[in-house]
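Reader: I would like to learn how to read a structure that holds both protein and RNA. Could you take me through it one feature at a time?

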Amino acid sequence: MIDLRILQQQKAQIQQNIDNRFMNVSVDTVIALQEQRSTLIQEVDALRKQRNDNAKKMKSRLSTEERTALIEEGKQLKRDIADKEELLRRVESSYLTEAKRIPNFAHPDAPVGKEDKDNLEIRTWGTVPSFSFTAKDHVEIGQDLDLIDFDTAAKVSGAKFYYLKNAAVLLELALERYALDILRTHGFTLTITPDIAKEEVLEGIGFNPRGTESNIYALEGTGTCLVGTAEITLGGYHADTIFSTDQLPIRMAGLSHCFRKEAGAAGQYSKGLYRVHQFSKVEMFVYALPEDSDRIHEELLGIEEEIFQGLQIPYRIVDTCTGDLGAPAYRKFDIEAWMPGRGDGGAWGEVTSTSNCTDYQARRLQVRFKDDQGAIHYVHLLNGTAIAVSRAIVAILENFQQEDGSITIPAALQPYMGMDRITRESR
RNA sequence: GGAGAGGUGUCCGAGUGGUCGAAGGAGGCGGUCUUGAAAACCGUUGAAUCGCAAGAUUCCGGGGGUUCGAAUCCCCCCUUCUCCGCCA
């Protein structure tokens, strides 16, 4: 949520930002509700004051008539307050519902555009491999080497699930450990998080836990959901906290499963492991002072690059356009790895994403800090993918495939894998 | 899952339905004293909302209820601890 106290003064700017993001929210509507709410609060407060004053009068010794009169007055006040409060509740509720839909501001340098083709390529790294044979996609490779079994998973769990088998299991664990070791050198506190979180935490981070368009699995009757990312549990970790400046920044890394409904996502760009209902991910999360957040955002991107450079996977970086940012993000950088089996003859596919959400999530989660003057402000929250394992596996299998059908393992992973090559025999 | 005991401010901890945003400690901050420090003493020390402001309202795990008035009484839920059961 943005700071609602600036709605009136910065109305035009906020509405412009909403339009740049191609969202449908009316600032005027929110302001009208805000004014109604303010009036009602003043009225309720005035009535409550009358009630308190009335009650105070009865602390002393009184005649029966006086006391009876006061009690009658108190009863009437009680009814008036209840009525007014009910009205306030309704206005407040629609005010917040509407206000929460206002997206975060966007970084002035974020490209303005509607969809992912408007994203701005910042740089590329590595060399896109050229094969002297016909490259296979990871689905075919996974089948040939008996590494991934989609068919059995479809029978047991449904479409878009998978069994990892044989060396693919070791590959998953190797990637997790590889990423965690790098994060440790960057001062991150390592965690393995719960895979379930309460709806209020989901909402604080900016996810919509309910509704048909939601990408989140809700657990019926529990008020909880399967997490779509450890960003949720890492952001909830310090909810309702007031830090001192010397405690910040706090860098946390979380390994979790991620569950996503992905309703309606189909087509060749979503095939195989690329878009699935469950995968493992190591996520970075930082609680930062506002003045540090842009710098730390670059830092997170740097760590993501370090991880993919270590894996020797060619990639490009894009600066995400306003229409593709998502409500909480102020700025977002994606790493898109080269995937030779994607599309027709290979394509870039998103493997990481790092966002600076400034104070947007912190306001809902009540994560604050006290500055040296004793004033309280919201912290800035940032997140970034260290490794989304399923997509990293796509990139590795497709980029390191050999003519004989085997897969070479990037040097950085070999110690974790205990092998330098996956073959039909050594799987 | 069953039985019992708790959940109060930064922390510990008291609290009779009205005088309680809340005793008393500890810690923090400021001051007196001191060459400096410690000790002692004095003062101060939560957050949110509405309001131009003065100020007002709200918050004692969360949510309901009783009452003119609730930290205090009742109900539900969450959570922590102890014991029993079950279990990887």
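Reader: Which element gives the largest share of the surface near RNA strand B?

Author: That is α2, with 11 residues. Keep in mind as we go that this is a predicted model. A residue counts as near the strand when one of its heavy atoms lies within 4 Å of it. By that rule, 21 residues surround RNA strand B, and the closest are S38, D45, R51, M58 and K59. At least two residues each come from α2 (27-57), α3 (64-99) and β14 (367-370).

Reader: How do the residues of that surface divide into nonpolar, polar and charged?

Author: The surface near RNA strand B has 11 charged residues, along with 5 polar and 5 nonpolar ones.

Reader: And seen from the RNA, what share of the atoms within 4 Å of the protein belong to sugar or phosphate?

Author: For RNA strand B it is 84%, and the rest of those atoms belong to bases. Some single contacts fit into this picture. The side chain of R48 has a polar atom 2.9 Å from a sugar or linking oxygen of RNA strand B. In the side chain of Q42, an N or O atom is 3.4 Å from a sugar or linking oxygen of the strand. With K78 the partner is a phosphate oxygen, 3.3 Å from an N or O atom of the side chain.

Reader: Now the sheets, please. What holds strands together in a sheet?

Author: Strands pair through backbone hydrogen bonds, and they can do so parallel or antiparallel. Here, one open sheet has 3 strands in the order β8-β14-β15, and its pairing is mixed. At its edges are β8 (241-244) and β15 (376-378), each paired on one side only. From one strand to the next, the twist averages 35°.

Reader: How many bridges join β14 to β15?

Author: There are 3, and the two strands run antiparallel. To find one yourself, look at K370: its bridge partner in β15 is I376. Recall that β14 also supplies residues to the surface near RNA strand B.

Reader: Where else can I practise reading strand order?

Author: Try the open sheet of 3 strands ordered β5-β7-β6, where the pairing is antiparallel. Its edge strands, β5 (196-198) and β6 (218-219), have a single partner strand each, so one side of each is left without a neighbour in the sheet. Between β6 and β7 (residues 224-226) there are 2 bridges. One residue to look for is L219, whose bridge partner in β7 is T224.

Reader: How does one find empty space in a model?

Author: A probe the size of a water molecule is rolled over the atoms, and this shows where empty space is left. In this model, the second largest pocket holds about 300 Å³ of space. It is lined by 16 residues, and D3, R5, D359, R363 and Y378 are the closest to its centre. The lining divides into 7 nonpolar, 6 charged and 3 polar residues. At least two lining residues come from each of α2, α3 and β15.

Reader: Which backbone details should I look at last?

Author: Start with the peptide bond from L248 to P249, which is cis, with omega near 0°. P249 sits in the loop between β8 and β9 (250-259). Then look at phi: D146 has a positive value of about 55° although it is not a glycine. You will find D146 in the loop between α4 (138-144) and β2 (148-149). N166, also not a glycine, has a positive phi of about 55°, and its place is in the loop between β3 (163-164) and α6 (167-185).

Notes. Residues numbered from 1 in each chain as written. Chains lettered and ligands numbered in written order. Predicted model: local features only at pLDDT ≥ 70, side-chain atom pairs only at ≥ 80, totals over all residues. Heavy atoms only, no water. Polar contact = N/O pair within 3.5 Å; in protein donor to acceptor, adjacent residues only side chain to side chain. Helix = DSSP H or I, 4+ residues; strand = E, 2+ residues; numbered from the N terminus. Nonpolar A, V, L, I, M, F, W, Y, C, P; charged D, E, K, R; others polar. Pairing = 2+ DSSP bridges. Axes fitted to C-alpha atoms, helices over the stretch in contact; angles between N-to-C directions. 1 Å grid on protein atoms, 1.4 Å probe; cavity = no way out; pocket = protein on both sides within 12 Å on 5 of 7 lines; lining within 4 Å. Points joined across faces, edges and corners; volume = space filled by probe spheres on them.
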